[in-house]
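Me: Hello! I am new to this structure and would like to go through a few of the words people use for it. Could you show it to me?

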Amino acid sequence: MAFTVQPAEPQGTPPTDGLLHFPASSALKLEPHLPPVASTDTTTRPDKPFVTLTFATSLDSSLSLAPGVRTTLSGPQSKAMTHYLRSRHAAILVGVGTAVADDPGLNCKIISPFVPEGVREQHPHQPRPIILDPSARWEVNAESKVIQLARLGQGLGPLVFVAKEVRSVPDERRAVVEGVGGKFVRVKSVEGEEFTWTDVLWTIKEEGLDSVMIEGGGSVINSLLSLEQGGEQELVDSVIVTIAPTWLGAGGVLVCPPRAVGKDGQPVPPVRLRDVSWHPLGEDVVLCGKILR
Ligand SMILES: NC(=O)C1=CN([C@@H]2O[C@H](COP(=O)(O)OP(=O)(O)OC[C@H]3O[C@@H](n4cnc5c(N)ncnc54)[C@H](O)[C@@H]3O)[C@@H](O)[C@H]2O)C=CC1
Ligand SMILES: Nc1nc(O)c(N)c(N[C@@H]2O[C@H](COP(=O)(O)O)[C@@H](O)[C@H]2O)n1
């Protein structure tokens, strides 16, 4: 598919339709870190989608002030960048801790500055929200933001991944989720608690979703990074982190995976990024890279 820069909106002009704006010049810099757009791409794996790990952090590695406290870290430009990422992924994944704490919308409020030739997009591309909720504790209801947005046509119905061992999901929750085109998906778990990331990603691929951005929260990011640290599985294709110029202080939800040790009990070299680039966006800086393997 050929892509061109859509010149309809001059860079820097705020949109008047409630949508966010991310300039094509900034978007181009992210391109090497994003899922391929061409369906003929041969680098994608059959067993998993393209995985982007992306979140916003403080200088002291906090995602939020405390568990359950929704905390704004991204400034307007990096928030627009996150929505650009949402426009470029088929799915967006968070843990149930985030769903409960933030009541997130998990939708996209940006029209890509790149559009296929001859096409003028009227609506943002929407990623499919995925909530990891092994024990079905998310009390999703008609007021949940993700449901409201899907009902308005401004987002998609969520896929809620619950453990096979969970006896049943309450009928009201099922009706709410299915009413907006979402569904509960059963995933094999270890003792009804954790899914393996291989199973999560395989299930996403089985749902026909070729790319996923994993946004958080702390438990999700740390468990994924600890696998990468172990070096046994290569699951994350791209890492895009917004760093905000603030310290949230002790007590926050931290990105801090357990230190990896080898079979001999000795520390193994820490995980590091390669192909790193830094992009100032407003007062924030966005770090892009790939996990060094
Ligand atoms: N600054 C940012 O970019 C973001 C910040 N956040 C913040 O993070 C905080 C929430 O983080 P946490 O409390 O750590 O919750 P979380 O969102 O990481 O969810 C944790 C839950 O997800 C499930 N889960 C995680 N890994 C799993 C696996 N491998 N298999 C099955 N289930 C799994 C478990 O039920 C676990 O209890 C909130 O305060 C939120 O505001 C969340 C996302 C992004
Ligand atoms: N990029 C980014 N910057 C921040 O400052 C944040 N707090 C987050 N959080 C993530 O975005 C979700 C909330 O936004 P929506 O309602 O979905 O638009 C939140 O749940 C986190 O996943 N991200």
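Me: What makes helix α2 mostly covered?

Reply: Happy to help, and please keep in mind that this is a predicted model. A residue counts as buried if 20 or more other C-beta atoms lie within 10 Å of its own. In α2, 11 of its 12 residues are buried, so the helix is mostly covered. Among them are Lys79, Met81, His83, Leu85 and Arg86.

Me: How do you know that the reach of α2 is close to what is expected?

Reply: The expected span is 1.5 Å times one less than the number of residues. Helix α2, residues 76-87, has 12 residues, so 16 Å is expected. From the first C-alpha to the last, α2 reaches 17 Å, close to that value.

Me: Why are Ala56 and Leu73 said to surround ligand 2?

Reply: A residue belongs there if its C-beta atom lies within 6 Å of the molecule. For ligand 2, 15 residues do so, and the closest are Ala56, Leu73, Ser74, Asp102 and Pro104. Elements giving two or more residues to this shell are α3 (96-102) and β9 (211-216). By class, the shell holds five nonpolar, eight polar and two charged residues.

Me: Which residues are closest to ligand 1, and how are they classed?

Reply: The closest of its 29 surrounding residues are Gly95, Gly97, Gly216, Gly217 and Gly218. Gly counts as polar, so these five are polar. The whole shell around ligand 1 has 14 nonpolar, 11 polar and four charged residues.

Me: Which element gives the largest share of that ligand 1 shell?

Reply: That is α3, with five residues.

Note on methods. Residues numbered from 1 in each chain as written. Chains lettered and ligands numbered in written order. Predicted model: local features only at pLDDT ≥ 70, side-chain atom pairs only at ≥ 80, totals over all residues. Helix = DSSP H or I, 4+ residues; strand = E, 2+ residues; numbered from the N terminus.
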